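Student: I have a new model open. How do I read its features one by one?
Tutor: Let us start with the terms, then go to the residues.

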Amino acid sequence: IMAFCSVALFVGRFTEEQIAANNLALNIGSLAFMIPLSISSAVAVKVGHAYGERSFHLIRIFAQMSLLASFVFTLLMGLGFYLFPHAVLSFYTEDAAVIEWGKRLLFWVACFQLFDGAQVTLGGILRGLSVTRPSSIAIFVGYWIIGIPLGYYLGFHTDLQAQGFWIGLAISLAFVAVALSVVVRNQFRTLMGEN
């Protein structure tokens, strides 16, 4: 949350159209995030119960189904944002300049949908397994070591401006998703070794 809020602060140094488009992208991305976040919360509970019962078969089923549900939803959202950006943004404004910048930012929101859904769902699976430190480390490194500095560079030292920060966010989400998928796979190998 802090990373996305800091992007809003940095983008405040650009034009009004970019600020407005950034707020729209944040709102749209946040709305799309609510379903994967809910799936993450649900799978954390289901995996936690199965883990407490030492039912490794159920853990695998819950993990796979939650990732599948998150994948399908975020794929649909990403395709919707990519294919119909004007229609999505038109719900919010008719200002042509804001819509033009909004399309650029919504492209990056579309690009990171799968990664965003994956990382939050994987985080839920790990919470259910009582493994929380790797998620914290991956998120810290992904956002504060990679994403925000990269976004700052692209935003203020190239012509990308507001887009630069969203590219940084997309890359940070991809990093977190890949890192957490490695942690989940290792946890599953450990569980299967115990079984």
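Tutor: Begin with accessibility. Buried means under 20% relative accessible area, exposed means over 50%, and partly exposed lies in between. Bear in mind that this is a predicted model.

Student: Is arginine 54 buried, partly exposed or exposed?
Tutor: Its relative accessible area is 43%, so arginine 54 is partly exposed. The residue sits in the loop between H2 and helix H3 (56–83).

Student: What does the backbone of arginine 54 show at phi?
Tutor: Look at the sign. Phi of arginine 54 is near 60°, a positive value in a residue other than glycine.

Student: Which loop holds serine 130, and what is its phi?
Tutor: Serine 130 is in the loop between H5 and H6. Its phi is positive too, at about 65°, although serine 130 is not a glycine. Serine 130 counts as exposed because its relative accessibility is 60%.

Student: Now pockets. What is the volume of the largest pocket?
Tutor: A pocket is an open set of grid points, whereas a cavity is a set from which the probe cannot get out. Here the largest pocket has a volume of about 580 Å³.

Student: How many residues line the largest pocket, and which lie nearest its centre?
Tutor: The lining has 25 residues. Nearest the centre are Ile1, Phe4, Phe33, Gln119 and Tyr143.

Student: Which helices supply at least two residues each to that lining?
Tutor: Helix H1 (2–11), helix H2 (16–52), helix H5 (96–128), helix H6 (133–157) and helix H7 (162–194).

Student: How do the lining residues divide by chemistry?
Tutor: There are 16 nonpolar, seven polar and two charged residues in the lining of the largest pocket.

Student: Take one residue near the centre. Where does glutamine 119 lie, and is it buried or exposed?
Tutor: Glutamine 119 lies in helix H5. Its relative accessible area is 9%, which is under 20%, so glutamine 119 is buried.

Student: What polar contact does the side chain of glutamine 119 make?
Tutor: For a polar contact, look for a pair of N or O atoms within 3.5 Å. The side chain of glutamine 119 makes one with the side chain of aspartate 116, at 3.0 Å.

Student: Which residues does glutamine 119 touch beyond four places in sequence?
Tutor: Phe33, Leu173, Val176, Ala177 and Leu180.

Student: And the partner: is aspartate 116 buried or exposed?
Tutor: With a relative accessible area of 7%, aspartate 116 is buried. Aspartate 116 has its place in helix H5. Leaving aside neighbours within four places in sequence, aspartate 116 is in contact with Phe33 and Leu173. Glutamine 119 touches Phe33 and Leu173 as well.

Student: How do I read a sequence gap against a distance in space?
Tutor: Compare the two numbers. Aspartate 116 and serine 70 are 46 residues apart in sequence, and their C-alpha atoms are 9.4 Å apart.

Student: Which residue pairs with phenylalanine 10 in the same kind of reading?
Tutor: Phenylalanine 165. The two are 155 residues apart along the chain, with 8.4 Å between their C-alpha atoms. Phenylalanine 165 is found in helix H7. Its relative accessibility is 1%, so phenylalanine 165 counts as buried. Beyond four places in sequence, its contacts include Val7, Phe10, Val11 and Phe14. Gly151, Tyr152, Gly155 and Phe156 are also among them.

Student: Where is glycine 142, and what does it touch?
Tutor: Glycine 142 is in helix H6. Not counting residues up to four places away, glycine 142 touches Gly147, Ser172, Phe175 and Val176. Glycine 142 is buried, with a relative accessible area of 0%. From glycine 142 to alanine 174 is 32 residues in sequence and 8.3 Å in space, C-alpha to C-alpha.

Student: What about serine 6: buried or exposed?
Tutor: Buried, because its relative accessibility is 11%. Serine 6 is found in helix H1. Outside its neighbours within four places in sequence, serine 6 is in contact with Trp144 and Ile148.

Student: Last, the cysteines. How many disulfides are found?
Tutor: The test is a pair of cysteine sulfur atoms within 2.5 Å. A search of the whole structure finds zero disulfides. Cysteine 5 is partly exposed, with a relative accessible area of 42%. Cysteine 111 also counts as partly exposed, at 32% relative accessibility.

Technical notes:
Residues numbered from 1 in each chain as written. Predicted model: local features only at pLDDT ≥ 70, side-chain atom pairs only at ≥ 80, totals over all residues. Heavy atoms only, no water. 1 Å grid on protein atoms, 1.4 Å probe; cavity = no way out; pocket = protein on both sides within 12 Å on 5 of 7 lines; lining within 4 Å. Points joined across faces, edges and corners; volume = space filled by probe spheres on them. Helix = DSSP H or I, 4+ residues; strand = E, 2+ residues; numbered from the N terminus. Nonpolar A, V, L, I, M, F, W, Y, C, P; charged D, E, K, R; others polar. Buried < 20%, exposed > 50% of the residue type's maximum accessible area, 1.4 Å probe, protein only. Polar contact = N/O pair within 3.5 Å; in protein donor to acceptor, adjacent residues only side chain to side chain. Contact = heavy atoms within 4.5 Å.
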